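Colleague: Could you take me through this model and tell me what stands behind each term you use? I like to see the reasoning as well as the label.

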Amino acid sequence: MRMRPKKNRDIRLERVSGLLAAMDGERVDLLSSFGAERELFVELGCGKGAFVTGLSERYPSAALLAVEKVTDVAMMAMEKADRAGCKNVRFLIADGAAIDALLPAGCVTRLYLNFSDPWPKKRNAKRRLTSPLFLERYKTILASGGRIFFKTDNRPLFDYSLETFDSCGYGLENICFDLHNSPLAGMNIMTEYERTFSEKGFAINYLEAFLK
């Protein structure tokens with residue numbers, strides 16, 4: 001179900017346009033966007049911004065790039081970050097499927113994949129953000145020692161991802177099938193979706209992946 005277009009979209013976007021990432025052609029200009037070289041954390045599919053806003057508070061010295069392809073959703077996330085006074089967050093309204101073309105090689109220290117679309121039908125498996133197609137793209141943008149942080153409430157997607165990360169040459173750590181009842185819970189930053197579904201009793205699956 002598609003979201004209805006928000007009222008006054010153009011006016012609202014203009015008010016927060018300072019939070020948009022600067023571009024150099026079709027690629028993000030990191031220096032112009034963040035004003036200095038620093039560790040880059042990227043969230044693919046930022047939703048309404050709860051996670052990246054919390055991440056900004058926890059890591060004020062990092063550069064945070066939130067990618068969201070739905071304009072109205074990105075706008076709400078930008079408004080949230082603006083209200084929270086986030087100084088180190090920039091937004092990119094684009095399809096994260098092309099993330100390797102949107103960012104310079106080897107620039108991402110942390111890549112967050114939070115509650116990505118599971119694309120449950122087998123014929124759509126290549127569209128999953130943890131499919132081999134995407135995992136190879138991430139290798140291009142990850143810095144040496146970079147990590148992928150993956151969360152989902154969808155157990156079949158998580159099981160699939162455990163296999164694809166391994167088959168694509170990633171190491172895995174902190175594998176967890178119930179994040180909120182684990183020793184890792186204290187470090188977790190919840191998304192809007194996560195808060196809603198965890199309150200309904202859904203277990204949250206979590207892992208960290210790195211290149212061997």
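Modeller: Gladly. Contact here means heavy atoms within 4.5 Å. By that test L65 touches A21, V28, F34, L40, F41, V42, E43, R90, F91, L92 and L103, leaving out residues up to four places away in sequence. Keep in mind that this is a predicted model.

Colleague: Which residues touch the most other members of the largest nonpolar core?

Modeller: Those are L65 and Y138, in a core of 36 residues. Among the elements that give two or more residues to this core are β3 (40–44), β4 (63–68), β6 (108–114) and β9 (205–211). Helix α7 gives the most, with five residues. Apart from this core lies another, of 26 residues, including L13, L19, I189 and Y206.

Colleague: Why is A209 called buried?

Modeller: Buried means under 20% relative accessible area. A209 has 0% relative accessibility, so A209 counts as buried. This residue sits in strand β9. Beyond its neighbours within four places in sequence, A209 is in contact with G146, R147, I148, F165, Y170, G171 and L172. A209 and L162 are 47 residues apart in sequence, with their C-alpha atoms 9.4 Å apart in space.

Colleague: What makes β5 and β8 the edge strands?

Modeller: Each of them pairs on one side only. The open sheet has seven strands in the order β5-β4-β3-β6-β7-β9-β8, with mixed pairing. From one strand to the next, the twist averages 20°.

Colleague: And why is β5 described as largely enclosed by the rest of the structure?

Modeller: Four of the five residues in β5 (residues 89–93) are buried, so the strand is largely enclosed.

Colleague: How do you know that β4 and β5 pair?

Modeller: Two strands pair if DSSP finds at least two bridges between them. Five bridges join β4 to β5, and these strands run parallel. One of the matches is L64, whose bridge partner in β5 is V89. Together with helix α4 (residues 71–83), β4 and β5 make a right-handed β-α-β unit.

Colleague: What joins β3 to β6?

Modeller: Five bridges, and β3 and β6 run parallel. F41 has R110 as its bridge partner in β6. Helix α3 (residues 50–58) packs on the sheet, where it touches β3, β4, β5, β6 and β7. The direction of α3 makes about 180° with that of β4. Angles run from 0 to 180 degrees between N-to-C directions, so the two directions are roughly opposed.

Conventions
Residues numbered from 1 in each chain as written. Predicted model: local features only at pLDDT ≥ 70, side-chain atom pairs only at ≥ 80, totals over all residues. Heavy atoms only, no water. Core = buried A, V, L, I, M, F, W, Y, C linked by side-chain atoms within 4.5 Å. Buried < 20%, exposed > 50% of the residue type's maximum accessible area, 1.4 Å probe, protein only. Right-handed = clockwise from strand over helix to strand, strands pointing away.
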